[in-house]
Amino acid sequence: MANPTLLANWFPNHTAKAPSLRNAPGFYRNLEEALDIRRAERSVFMVRSNEPAPGSIDFSTLDFLHLTASGLIREAFLQELAENPNFELGAGGSRLLNGNNAYTENAEATIAEFHGAESALLFHSGFEANTAIMAAIPRPGDAIVFDALCHASMHEGMLASKALCKQSFRHNDVEDFREVLLGVLSTEPLIKEGKRSVLICLESMYSMDGDVAPLRELVDVAKELFPDGNAQFLVDEAHTTGVLGRQGRGFVNELGLENEIAIRMHTYGKALATTGAVVVSNRTIREVLINNARCFIYSTAPSFPMVAAITAGYKLMKSGQIQPLQDNIQHLVKHFFETITDNPVWDEANEEGILSIPLAEDWESRPFLTQVVPVMTRQRYTLWLCYHMQLAGICAFPIDYPVVPKGQGRLRVVFHATNTKEEVERLAEKICEWAQEMLDIEASGKGSGKIPTAARRVQAQQAAAEANGNGV
């Protein structure tokens, strides 16, 4: 499990570096000045080693089904290699030149059939797939309407999009969505006349908040305002592939809306524990992507091992081995909500603003639960909560600006199919243990100055590292 030394390395006190580079070339000094701004805001990113800490309980990784941790995907992958012993490692070129082959085409056909679509097109990552869609699909005169919290990849793609009209709607707000669509109709006459279209972009599940889109309601509004069908949806299924839907088909399948969604993007680096992504759609969308998506045209085709790993993942889903894992995630999240809200400290910590879990509100009324659960506290306390959990042998990390808006940091807890009820109970216990300590500190009248035990241990190690010249 994590110790204070490891946490001090993971969360160092960053110092400005540009002032020490007065005699260095301006090229490097200017770059360090830009980084110093992030350092001052404590928003600089680092690549950590030994994460999760050895021996800790994983409530952090995106290996939702624990196909990596259990070795299940490795076994399926090795079996796929054994069935194709003469494979060539490299693709040899782009899909448009030498890189296409029957194995990749068969994989795409299998994927399309599994998801109930006409066609599928593989990409190297979900980020690449989303940027390709946003840049290639909207035509001049079209509009893009997107959820305010949609993924950075969609924003990246919008920078290259030919659509000049780009409007966001408040996150998961159906009424605001209606108002935005009405605004587009009133300001874009070609769209109102049905000569141009609207691409509506959202995620099935939002990985920072753990909530799902009100997709059925959004579809109803779009069909009401655009009865001729010139408003169509892109749904990013990155965090629901393998976790929701029959045999892991995703959120759209869970709702039975496959015929209502023009474009679905599924990724494989999370629940399926492989790499790459796919766009499932009709054949028209596929042809447009092949002809207009620059990252597809000018990238080397997926290698055989990449496609083989994806194929292995689909074989696991089709075999039914994934379904019990999906079901167990549901049981574990329910057990967490029951356990933590029954804890004696919960009500007081909630009332005092020490502890808040938005997804725990009215969780019984939801037909399914998501595997990502943000735990909120006062902003200056988020890192302290992380320290407490890590030192207790529970791996969970804080998410803060710029990944989420300023003032909306949270500890992101991710549940996995092979976590146990005992581990979930320990998670709830340790969160509440920390909340009790914070309540005691505030009750003592030293809330602004006293630091909880775990944070003191880590800060002492950070100070020692700086004294030894090991600061970052």
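Select strand 6, residues 231–236, in this predicted model: the strand is mostly covered, with 5 of its 6 residues buried. Turn next to strand 5, residues 198–203, which pairs with strand 6 in the parallel sense over 6 bridges. To find one point of contact between these two strands, pick C201, whose bridge partner in strand 6 is L234. Keep L234 highlighted, since L234 also stands opposite I263 in strand 7, and strand 7 is the next stop.

Strand 7 pairs with strand 6 in the parallel sense, here over 3 bridges. Is strand 7, residues 263–267, enclosed by the rest of the structure or not? Because 5 of its 5 residues are buried, strand 7 is largely enclosed by the rest of the structure. In a regular strand the side chains alternate between the two faces of the sheet. Colouring I263, M265 and T267 in one shade and R264 and H266 in another separates the two sides of strand 7, and both of these faces are covered, with the residues on each side all buried.

Moving across to strand 8, residues 277–281, you will find 4 bridges joining it to strand 7, and these two strands run antiparallel. Select T267 together with A277, its bridge partner in strand 8. Then step to Y268, which lies in the loop between strand 7 and strand 8; although placed in a loop, Y268 is buried, with a relative accessible area of 0%. A distance label drawn from Y268 to V278, C-alpha to C-alpha, should read 8.4 Å, for residues that are 10 apart in sequence.

Now leave the strands for the charged pairs. Side chains of opposite charge can pair when their charged atoms come close. The count of salt bridges in the model comes to 16, and the following are among them.

Select E41 and K406, which form a salt bridge whose closest N and O atoms are 3.5 Å apart. This pair links distant parts of the chain, 365 residues apart, with E41 in the loop between helix 2 and strand 1 and K406 in the loop between strand 11 and strand 12. E41 counts as partly exposed at 37% relative accessibility, whereas K406, at 56%, counts as exposed.

Go on to E118 and R283, where the closest N and O atoms of the salt bridge are 3.3 Å apart. E118 lies in the loop between helix 5 and strand 2 and R283 in helix 12, so the pair ties together parts that are 165 residues apart in sequence. E118 is partly exposed, with a relative accessible area of 46%, while R283 is exposed, with 53%.

The side chains of K223 and E260 also meet in a salt bridge, at 3.4 Å from N to O. Since K223 lies in helix 10 and E260 in the loop between helix 11 and strand 7, this pair ties together parts that are 37 residues apart in sequence, and following it from E260 leads back towards the strand visited earlier in the tour. K223 counts as partly exposed at 45% relative accessibility, and E260 is partly exposed at 31%. Select E32, D36 and R39 afterwards, which are joined into one network by salt bridges that share partners.

For the last views, switch to a surface representation. F27, Y28 and L31 form a nonpolar patch with about 360 Å² of accessible area together, and Y28 has its place in helix 2, residues 26–40. A negative patch is formed by E338, D342, E361, D362 and E364; E338 is found in helix 15, residues 323–342, and counts as partly exposed at 38% relative accessibility.

Note on methods: Residues are numbered from 1 along each chain as its sequence is written. This is a predicted model: local features need pLDDT of at least 70, side-chain atom pairs count only at pLDDT 80 or more; totals for chains, interfaces and linings use all residues. Side-chain values use heavy atoms; hydrogens and water are left out. Patches are made of residues with over 30% relative accessible area and no salt bridge: like charges are joined within 9 Å, nonpolar side chains (Val, Leu, Ile, Met, Phe, Trp, Tyr) within 5 Å. Accessible areas come from the Shrake-Rupley method with a 1.4 Å probe; for residues, only the protein chains shown count as cover. A salt bridge is a side-chain nitrogen of Lys or Arg within 4 Å of a carboxyl oxygen of Asp or Glu. Lys and Arg count as positive and Asp and Glu as negative; His and the chain ends are not counted. The place of a charge is taken as NZ of Lys, CZ of Arg, CG of Asp or CD of Glu. Buried means under 20% relative accessible area, exposed over 50%, partly exposed in between (1.4 Å probe, protein chains only). Two strands pair if DSSP finds at least two bridges between them.
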